[in-house]
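The following exercises concern the secondary structure, strand pairing and burial of one protein model. Each task is followed by a solution that proceeds step by step.

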Amino acid sequence: MQESSIPENHSQKETILSTKCRFLLWSCVVIHISVIIGIVAVVISIRYQSSFSSNSINYGSDIPCNPLKFSDYTSYPTGSLPWSISNGYLDGDSFLDIVVVNNNDTIISIYYGFGNGTFQTQKLYDTVYDVSYVAVRDMNNDNKSDIILTYTTSNQIAILINNGNQNFNSPITYPVGNFPFWIDVSDFNKNNLLDVIVVNDRDASVTILYDYYNLLFSYSETYPVGNDVTAVSVADFNNDSYPDFVTTDYSDNTISLYINPKNGIFKN
């Protein structure tokens with residue numbers, strides 16, 4: 001009896017093994033098919049989303065957004081014909097202040113800030129008639145912002161040195177070209193002394209006053225540009241770490257670009 005049972009057990013084992021093999025085979029087939037179906041589904045989904053994004057969305061109306069809204073403006077009185085404006089920390093606190101030149105007056109207006117978006121009423125400082133532009137910069141490196149102005153009809157710029165406590169020295173003037181209009185401040189020769197660049201509207205030129213120190217500039221240079229030059233912008237246009245400048249030439253419908261030769265003295 002025992003001898004006859006051995007073949008039967010062997011046959012049963014073969015049947016079980018065959019069943020397991022078929023199961024594993026079909027499992028592998030099903031898994032591969034599932035992976036292929038998944039990949040196809042992902043590709044179709046990506047293509048559909050890409051098509052929907054590029055063709056179906058109207059960015060002006062379909063995407064909800066919260067538009068930026070400013071509060072109503074607050075008006076502050078100035079002098080006659082406010083012409084140019086700048087800002088800086090003019091009284092030693094951490095609140096920004098505003099300075100305005102009044103072209104038809106012999107005063108500039110400074111609005112000292114409270115730090116919450118509101119300002120004191122204007123405080124007036126004496127200058128001359130027909131000031132056309134203002135810049136704010138710490139010219140003498142004493143951590144107090146000074147004021148630089150163009151005196152257009154007298155062909156000068158003026159610097160008001162900040163003494164602190166909302167007090168400034170009387171303007172100190174420096175000669176430039178004919179009808180100075182716009183100014184900017186930089187360090188063209190990279191010697192840690194500030195230079196002032198001025199456009200001379202009726203000379204078709206710019207003047208650079210170099211190396212401000214102890215209330216004086218060391219020297220100045222004048223460079224030709226287009227006719228009726230109205231503005232100047234200073235930036236490093238060729239990424240060499242030296243500031244260049246460009247002007248707008250009103251009546252020529254051009255701009256004039258000067259690239260710094262790495263010594264601050266530009267080639268005509």
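The model is predicted.

**Exercise 1. Strand 3 and its partners**

Task: Determine which residue of strand 3 is the bridge partner of I98, and establish how strand 3 pairs on either hand and whether its residues are buried or exposed.

Solution.
1. The bridge partner of I98 in strand 3 is Y111.
2. This pair belongs to the antiparallel pairing of strand 2 (residues 97-102) with strand 3, which comprises four bridges. The two strands form a hairpin, and four residues lie between them.
3. Strand 3 also runs antiparallel to strand 4 (residues 123-126), to which four bridges join it. Here I108 has Y125 of strand 4 as its bridge partner.
4. For burial, the cut-off is a relative accessible area under 20%. Five of the five residues of strand 3 (residues 107-111) meet it, so the strand is largely enclosed by the rest of the structure.
5. I107, S109 and Y111 point one way from the strand, while I108 and I110 point the other way; all are buried.

**Exercise 2. Two open sheets**

Task: Give the strand order of the open sheet that contains strand 6 and of the one that contains strand 13, and state which strands stand at the edges.

Solution.
1. One open sheet has four strands in the order 5-6-7-10, paired antiparallel. Strand 5 (131-137) and strand 10 (172-175) are its edges; each has a single partner strand, so one side of each lacks a neighbour in the sheet. Ignoring direction, neighbouring strands of this sheet are turned by 25° against each other on average.
2. Within this sheet, five bridges link strand 6 (residues 146-151) and strand 7 (residues 156-160) in the antiparallel sense. T150 is matched there with I157 of strand 7.
3. Another open sheet consists of four strands in the order 11-12-13-14, also with antiparallel pairing. Its edges are strand 11 (180-186) and strand 14 (216-224), each of which has a single partner strand, so one side of each is left without a neighbour in the sheet. From one strand to the next, the twist averages 20°.
4. Strand 13 (residues 205-213) pairs with strand 14 over eight antiparallel bridges. I208 has E221 in strand 14 as its bridge partner.

**Exercise 3. The surroundings of strand 16**

Task: Describe how strand 16 is paired with strand 15 and strand 17, and how many of its residues are buried.

Solution.
1. Strand 15 (residues 229-235) runs antiparallel to strand 16, and six bridges join them. V234 and F245 of strand 16 are bridge partners.
2. Strand 16 also pairs with strand 17 (residues 254-258) in the antiparallel sense, over five bridges. D249 is placed opposite T254 of strand 17.
3. Strands 16 and 17 form a hairpin with four residues between them, and N253 in the turn has a positive phi of about 55°.
4. Five of the six residues of strand 16 (residues 244-249) are buried, so this strand is largely enclosed by the rest of the structure.

**Exercise 4. The helix surface and the whole protein**

Task: Locate I31, decide whether it is buried or exposed, and relate it to the surface patch to which it contributes.

Solution.
1. I31 lies in helix 1 (residues 2-55). The protein has one helix and 17 strands.
2. The cut-off for exposed is a relative accessible area over 50%. I31 has 53% and is therefore exposed.
3. Together with V35 and I39, I31 makes a nonpolar surface patch of about 290 Å².
4. For the protein as a whole, about 16600 Å² is exposed, 56% of it supplied by carbon and sulfur atoms. Of the 268 residues, 35% are buried.

How values were computed
Residues are numbered from 1 along each chain as its sequence is written. This is a predicted model: local features need pLDDT of at least 70, side-chain atom pairs count only at pLDDT 80 or more; totals for chains, interfaces and linings use all residues. Side-chain values use heavy atoms; hydrogens and water are left out. Two strands pair if DSSP finds at least two bridges between them. Axes are lines fitted to C-alpha atoms, for helices over the stretch in contact, and angles run from 0 to 180 degrees between N-to-C directions. Buried means under 20% relative accessible area, exposed over 50%, partly exposed in between (1.4 Å probe, protein chains only). Accessible areas come from the Shrake-Rupley method with a 1.4 Å probe; for residues, only the protein chains shown count as cover. Patches are made of residues with over 30% relative accessible area and no salt bridge: like charges are joined within 9 Å, nonpolar side chains (Val, Leu, Ile, Met, Phe, Trp, Tyr) within 5 Å. A salt bridge is a side-chain nitrogen of Lys or Arg within 4 Å of a carboxyl oxygen of Asp or Glu.
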